[in-house]
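Here's an informal walk through this model, going from charged pairs to helix packing and surface. Have the coordinates open as you read.

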Amino acid sequence: MGYTKSSNPVLSEKIFYASRSGSYSEAMTVNGTVNKVGLLLFFLVAAASYTWGLYNDSMDSSVVMPWLIGGAIVGLILAIVTAFKPAWSPYTAPFYALAEGLMLGGLSAMMNVANQGIVVQAVGLTFATLFAMLFAYKSGLIKATEKFKSGVIAATGGIFIFYMLNWILSMFGIGLNIANGSDLLSIGISLFIVVIAALNLVLDFDFIEKGAQSGAPKYMEWYGAFGLMVTLVWLYVELLRLLSKLARR
């Protein structure tokens, strides 16, 4: 069939099956998807620059907090909408990138004040991981076999449950110290999550490539780029958390 599974919740094989239910004059290409990723990164960085500057000018978290929270909420809503309506991705994906940029810019600025240089390190590691995983995938060092996919999907699901458990407990003022602490166990958990996020990139590359080979419609380039952006945002945030924990030791 030429389709593959992805542990990224917005890149599922059912989406590509559904997208081929009609006739299209243009088909999805890998190069087209790469171009869309570049555009989404531009939108994200532009929005992040605004809240970054806003915080550094005021040094007051209350100034950027509405943008941070609002960006996170709008980004989540747009992600859900895009997951259910891939045909809308040419319109929703750019706004998702802008919303996430507003959130990441404020968050990054605050964390950078607490630990100078941490953002540069996190950005560098994010792109280094992206290209390393792309090289590993294209060279065949890491193959997206069914066993590999199943393992990454299971690990990602476990991480999601861990996130939800920590969130629910935090609502009652409990929280999990192993999620937010700076001890070796907490650092080890963050490192594990970073590794799983990185492996998700391999599955995303494979999924996009198979989608292009299968002749998915042109708008799926935006959807594929959106799915990859979801993973990159997750990877960057987790790298920030990991570096912050290491800095506190």
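K210 is partly exposed, at 22% relative accessible area, where partly exposed sits between buried (under 20%) and exposed (over 50%), using a 1.4 Å probe and protein chains only. Its salt-bridge partner is D206, with the closest N and O atoms 2.7 Å apart; a salt bridge here is a side-chain nitrogen of Lys or Arg within 4 Å of a carboxyl oxygen of Asp or Glu. D206 is buried, with a relative accessible area of 5%. The two are 4 residues apart in helix α8 (residues 184-213), so about one helical turn separates them. Helices (H or I, at least four residues) and strands (E, at least two) are DSSP runs, numbered from the N terminus.

Before going further, a word on the source: this is a predicted model, in which local features need pLDDT of at least 70 and side-chain atom pairs count only at pLDDT 80 or more, while totals for chains, interfaces and linings use all residues. Residues are numbered from 1 along each chain as its sequence is written, and side-chain values use heavy atoms, with hydrogens and water left out.

Back to the charges. The structure holds 6 salt bridges, and three of them are set out here.

| Pair | Closest N to O | Relative accessible area |
|---|---|---|
| D206 and K210 | 2.7 Å | D206 5%, K210 22% |
| E146 and K149 | 3.0 Å | E146 47%, K149 5% |
| K218 and E221 | 2.9 Å | K218 31%, E221 0% |

E146 and K149 are 3 residues apart in helix α6, which again puts about one helical turn between them. Here E146 is partly exposed, whereas K149 is buried. In the K218 and E221 pair, E221 is buried and K218 is partly exposed. Salt bridges that share partners also bring in K36, joining K36, K218 and E221 into one network.

Now for the fold. The protein has 9 helices and 0 strands. Of its 249 residues, 47% count as buried. Residues 24 or more positions apart account for 84% of the contacts with a separation of 6 or more, a contact being heavy atoms within 4.5 Å.

How do α4 and α9 sit relative to each other? They are roughly parallel, a label for angles under 35 degrees. Helix α4 (residues 89-114) and helix α9 (residues 220-248) pack at about 10 degrees, with their axes 10 Å apart. Axes are lines fitted to C-alpha atoms over the stretch in contact, and angles run from 0 to 180 degrees between N-to-C directions. The contact includes P90, Y96 and L104 of α4, and W222, F226 and Y236 of α9.

W52 lies in helix α2 (residues 30-58) and is partly exposed at 31% relative accessibility. Leaving out residues up to four places away in sequence, W52 touches G105, G106, S108, A109, N112 and V119. W52 and V64 are 12 residues apart in sequence and 8.5 Å apart in space, C-alpha to C-alpha.

Last, the surface. The accessible surface comes to about 12,300 Å², with 71% belonging to carbon and sulfur atoms; areas come from the Shrake-Rupley method with a 1.4 Å probe. F160, I161, M164, W167, I168, M171, F172 and I174 make a nonpolar patch of about 910 Å². Patch residues have over 30% relative accessible area and no salt bridge, and nonpolar side chains are joined within 5 Å. I161 is found in helix α6 (residues 146-171) and is exposed, at 57%.

Notes
Patches are made of residues with over 30% relative accessible area and no salt bridge: like charges are joined within 9 Å, nonpolar side chains (Val, Leu, Ile, Met, Phe, Trp, Tyr) within 5 Å. Angles under 35 degrees count as roughly parallel, over 145 as roughly antiparallel, 65 to 115 as roughly perpendicular and the rest as oblique.
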